[in-house]
Structures are given as C-alpha cells and as structure tokens.
Amino acid sequence: MDKILVTKSSMPNKDEYLDEISDLWNTHWLTNMGTKHKQFQTELESRIGVPHVALYCNGHLALENIIEAMDFPKGSEIITTPFTFASTTHAIVRSGMVPVFCDINPDDYTIDVSKIESLITDKTVAILPVHVYGNICDIEAIETIAKQHGLRVIYDAAHAFAVKYKGVDVGCFGDASMFSFHATKVFNTIEGGAVCFRDDNLVQKLNDLKNFGIHGPESVEYVGGNAKMNEFCAAMGICNLRHLDDEISKRKIVTERYRSHLEGISGIKLCVVNPDTVSNYAYFPVQFDKEEFGYDRDDVFNKLADNGIGARKYFYPITNSYDCYKDKFDATETPIALEISRRILTLPLYADLSFDDVDRICELIHSSNK
Ligand SMILES: *Cc1c(COP(=O)(O)O)cnc(C)c1O
C-alpha cells in the first residue's frame, strides 16, 4: 500500500507555472516588489475585498511585523489561545509582548469569549485569536469586548484563507488578519504569508518593516528585518489562486466522505459545522474519547502509522506547555485546550485524496475499536 501523508501541497500545472515565471528571465527582477508581487497583491485585495494586503515571505514574520507595527509598549499583554501552532505564541513573545492564555470552546476550538474579560488587566493591549482549522472565532463578541476596553484585534487566520463568514471574507475582520501561504496550507505560495488590514497608515510602515526598515534611498526609519515575498513565490500564488475554488470544492467532497463514515459514532467527535460560514475544508480534526470509543488518540495514531498513514497530532502539545516556556506558563490554566490536545487527531486531507483512501483510513479507525 502506498503511504498517505497528512497533506499534499497544491501545485499548478508545470507549464502554467513556467509560463508565469518566464518573464523573469527578461526582467531579471527577482524580488523587492516586482511585477508578480504587485499583481498578486492586487488580486488578493480584490478577492478578499480588503483595502490593503501586505505580502510576506511567510505567515510567521507577517504576524511579528503587524504586532511590531502597532507600537505596543514592551511587556504589554496580548490575550490569545494555546491551542495553536508554535508561531502564534512565539510571535507574541518574540515581539517583546506577554501572551495571556484564554481557554477555548470544546466544539470549534476557537477562543472562549466568555473568558476573555476576566483576563484583561491595565497592561492588556490586544486580543490575538486563532481561526483554528478555519473555524471562525466569535468575531462579534470579540469586537464588542475590544471596543469596550480599547484593545486591538489581530487574527491568526493562517488556516482560514478563502473562508467566509456571513458572506464576508475572513480577511476583513479585526484590525488585521494574518494568512499563511505555507506549502501545507489550503492555498500556498511555496512559503509565504500576508497581513490584511484597513488602516492606510500601516501600508508604508509594513513595507518598510519587512525591508530592514528602509523607507527611502537615504532613510532608514525602523529596526526592521527581511521578510519580503519574492517573485517566484508571488508567481506560484498567482497560479494557485486560479485553481483555489476548484481545490476547495474537491476538499469538500473528501470531507463529506469522511463525515459519512465517522459521524454519529460514539466516542468520536467531529467539528461542529457553523451555518454562517463558507468553509475552506482545510483540516479534518477528530477527537477520540477513550471511555466511549475504547481507544484513545494515540492508539488510533499508531494504528494509522503502522499502516503507512500519516495523521497529525495537531495541536499537541499546546503552546503553554512547551519546554521553552517551562516555568513561565501553566497549561492547567487552560484545561479544555489541554484535554483536547490529548484527544485530537487531524486526518489526511487534500484535494485528490481518493475515496478508496478515505474509506481505508476510516476502516482502520473503526477497527482500532475492535
Ligand atoms: C502555519 C501557521 C502559522 C505560520 O505560518 P508560516 O507561513 O508557516 O510562517 C501561524 N499560525 C498558525 C495557526 C499556522 O498554522
């Protein structure tokens, strides 16, 4: 049997990509806001319907840059969740801020808005929630809390590209939203990322920050790093964007096949479907309850691994229990996130995953129960 990995990066037809980049051999303009970069940025702004998109070499540096651009005093507190990829928490810490961890909802794994206000102190400057697995946070409640307390809202929307909530693209919410275009995400530019925002004042600042803080030929305004997206990645984005809707509709069909096998089984919990959301079908997370299912997440993970199938313990461990944060944070303060991190497994999912493979994966899951 062939191995099945947890995901398979989307790629355009080879000739389509070669055609897209061929002009670069005429211009020799490979990076620093060339024509591909400009075109890709404009296409994203119009697709998302947001005034500004800043492109990055990856999502993580996009997140660090937007936090930096907001000029919070060092040591300020940012309320976030630990049930996420390393990047979210690291971006806060590396920017000199202090993450304050809020617990998550047990059904969709996004921030539990009822627990935000008790975490606000006079040092709190922002909320940084995650649209985890593409599930949309309770943006209305978050906006209300942020307004009442004068906080900024930055969304980690790394998982949520192309998701819509009540007809509006997810990139339009909060003061800013970050997307990741990493190879493993629903939409990729090989490596890449973006920040979406409305504030006109941030346009030049983000452009400067991602290019060493260089503002003009003889003026360096910020202590910036290097986080620009190059032309080859932008060209990949232009090509992949043409096929994105098609990819997502194929992912939907795969997801429905999974649901048909796994829905309604005692001890197995799937994500709740939000009727206000148009999904991108980025991930297929499943929770296993040993009491009811008979086997726990690790049993299922091992059974799949023994059969050449790569599921992923995503997210385990949670970020507030990382070794690098030992003695700083306490994972027991977010008990729901901690418990779910021990039960969750994301199953393989990509556009051309065959029904036969989905069926085989589900049979193995069912048979770990025998
Ligand atoms: C992938 C990811 C990031 C980081 O994006 P990169 O493009 O890999 O730097 C940040 N947050 C979450 C939740 C992610 O999954």
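**Entry 1: the K115–D112 pair**

I looked up D112 and found it buried, at a relative accessible area of 12%. The model is a predicted one, which I keep in mind throughout. D112 has a salt-bridge partner: its side chain meets that of K115, at 3.2 Å from N to O. K115 counts as partly exposed because its relative accessibility is 31%. So one partner, D112, falls under the 20% cut-off for buried, while K115 lies between 20% and 50%.

**Entry 2: other salt bridges**

How many salt bridges does a search of the whole structure find? I get 20.

I picked K252 and E256 next. Their side chains meet in a salt bridge of 3.5 Å, N to O. Both residues are in helix 8, which runs over residues 231-262. They are 4 residues apart there, so about one helical turn separates them. This fits the general rule: an α-helix has 3.6 residues a turn, so residues three or four places apart point the same way. K252 is partly exposed at 34% relative accessibility. E256 is partly exposed too, at 43%.

Then I turned to D289 and R343. They form a salt bridge, and their closest N and O atoms are 3.9 Å apart. This pair links distant parts of the chain, with the two positions 54 residues apart in sequence numbering. D289 is in the loop between strand 14 (284-288) and helix 9 (290-293). R343 is in helix 11, residues 335-343. Buried or partly exposed? D289 is buried, with a relative accessible area of 17%. R343 counts as partly exposed at 24%.

I also noted a network. Salt bridges with shared partners join E16, E20, K36 and R242 into one.

**Entry 3: helix 6**

Which residues of helix 6 are buried? In this helix, residues 139-149, I list I139, A141, I142, I145 and A146. They sit on the same side of helix 6, because the arc they cover around the axis is only 160°. On the other side, K147 and Q148 are exposed. I then asked what covers the buried residues. The cover includes strand 4 (124-128), strand 5 (152-156) and strand 6. Just after the helix, I checked the backbone: G150 takes a positive phi of about 65°.

**Entry 4: a sheet of 3 strands**

Strand 6 led me to an open sheet. It has 3 strands in the order 7-6-13, and the pairing is antiparallel. Strand 7 (168-169) and strand 13 (277-278) are the edge strands, each pairing on one side only. Strand 6 covers residues 164-165, and 2 bridges join it to strand 13. The two run antiparallel. For the register, I note that K164 stands opposite V278 in strand 13. As a general point, strands of a sheet pair through backbone hydrogen bonds.

**Entry 5: strand 2**

I checked both faces of strand 2, residues 77-80. Both are covered. E77 and I79 are buried on one side, I78 and T80 on the other. The split follows the general pattern, in which side chains of a regular strand alternate between the two faces of the sheet. How do strand 2 and strand 3 run, parallel or antiparallel? They run parallel, and 4 bridges join strand 2 to strand 3 (residues 98-101). E77 stands opposite V98 in strand 3.

**Entry 6: L209**

L209 is in helix 7. I find L209 buried, at a relative accessible area of 2%. What does L209 touch, leaving out residues up to four places away in sequence? The contacts are N65, E68, A69, Y222, G224 and G225. I followed up N65. L209 and N65 are 144 residues apart in sequence, yet their C-alpha atoms are 6.7 Å apart in space.

**Entry 7: a nonpolar patch**

Last, I looked at the surface. F212, I214 and V220 form a nonpolar patch there. Together they have about 270 Å² of accessible area. Where is F212? I place F212 in the loop between helix 7 (201-209) and strand 10 (214-216). F212 counts as partly exposed because its relative accessibility is 39%.

Definitions and conventions:
Residues are numbered from 1 along each chain as its sequence is written. This is a predicted model: local features need pLDDT of at least 70, side-chain atom pairs count only at pLDDT 80 or more; totals for chains, interfaces and linings use all residues. Side-chain values use heavy atoms; hydrogens and water are left out. Two strands pair if DSSP finds at least two bridges between them. Buried means under 20% relative accessible area, exposed over 50%, partly exposed in between (1.4 Å probe, protein chains only). The arc is that of the directions from the helix axis to the C-beta atoms. Contact means heavy atoms within 4.5 Å. Patches are made of residues with over 30% relative accessible area and no salt bridge: like charges are joined within 9 Å, nonpolar side chains (Val, Leu, Ile, Met, Phe, Trp, Tyr) within 5 Å. Accessible areas come from the Shrake-Rupley method with a 1.4 Å probe; for residues, only the protein chains shown count as cover. A salt bridge is a side-chain nitrogen of Lys or Arg within 4 Å of a carboxyl oxygen of Asp or Glu.
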